[in-house]
Amino acid sequence: MRAAILLAAALLSACGSSRGLRPAEGERLPVAPYGATATPTPAELLTPSPQARPGRSDEVLRNSEQRRSDEFDLPPR
């Protein structure tokens with residue numbers, strides 16, 4: 001039983017497409033965004049922008065520093 005499940009999972013995982021992405025037959029790519037000079041390619045549409053996936057900052061705090069005063073840290077009314 002367990003071997004059958006593993007075999008089915010292996011067969012299903014191997015059925016992915018190895019070709020490049022293309023629009024379906026008779027379909028076109030989405031229209032160019034407002035203000036763009038050309039329609040983006042499928043690779044450009046799949047690449048996330050820096051705003052969607054920002055870079056990571058691994059800067060380590062080397063010296064302890066005093067926090068500056070917060071003028072908006074007011075007591076409740």
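**Exercise 1.** State how many helices and how many strands there are in the chain, and then find what share of its residues is buried.

*Solution.* In this predicted model, the chain holds two helices and zero strands. Turning to burial, we find that buried residues account for 1% of the 77 residues in the chain. The chain exposes about 8,600 Å², of which carbon and sulfur atoms supply 55%.

**Exercise 2.** Compare the reach of helix 1 with its expected span, and decide whether the helix lies largely in the open or is buried.

*Solution.* Helix 1 covers residues 2-13, twelve residues, and from its first C-alpha to its last it reaches 17 Å, which is close to the 16 Å expected at 1.5 Å a residue. Of these twelve residues the number buried is zero, so helix 1 lies largely in the open.

**Exercise 3.** Locate Thr 41 in the chain and classify its exposure.

*Solution.* Thr 41 sits in the loop that runs between helix 1 and helix 2 (42-46). Its relative accessibility is 36%, and because partly exposed residues fall between the 20% and 50% cut-offs, Thr 41 counts as partly exposed. The C-alpha atom of Thr 41 is separated by 8.0 Å from that of Leu 29, although the two residues are twelve residues apart along the chain.

Notes
Residues are numbered from 1 along each chain as its sequence is written. This is a predicted model: local features need pLDDT of at least 70, side-chain atom pairs count only at pLDDT 80 or more; totals for chains, interfaces and linings use all residues. Side-chain values use heavy atoms; hydrogens and water are left out. Helices (H or I, at least four residues) and strands (E, at least two) are DSSP runs, numbered from the N terminus. The expected span of a helix is 1.5 Å times one less than its number of residues. Buried means under 20% relative accessible area, exposed over 50%, partly exposed in between (1.4 Å probe, protein chains only). Accessible areas come from the Shrake-Rupley method with a 1.4 Å probe; for residues, only the protein chains shown count as cover.
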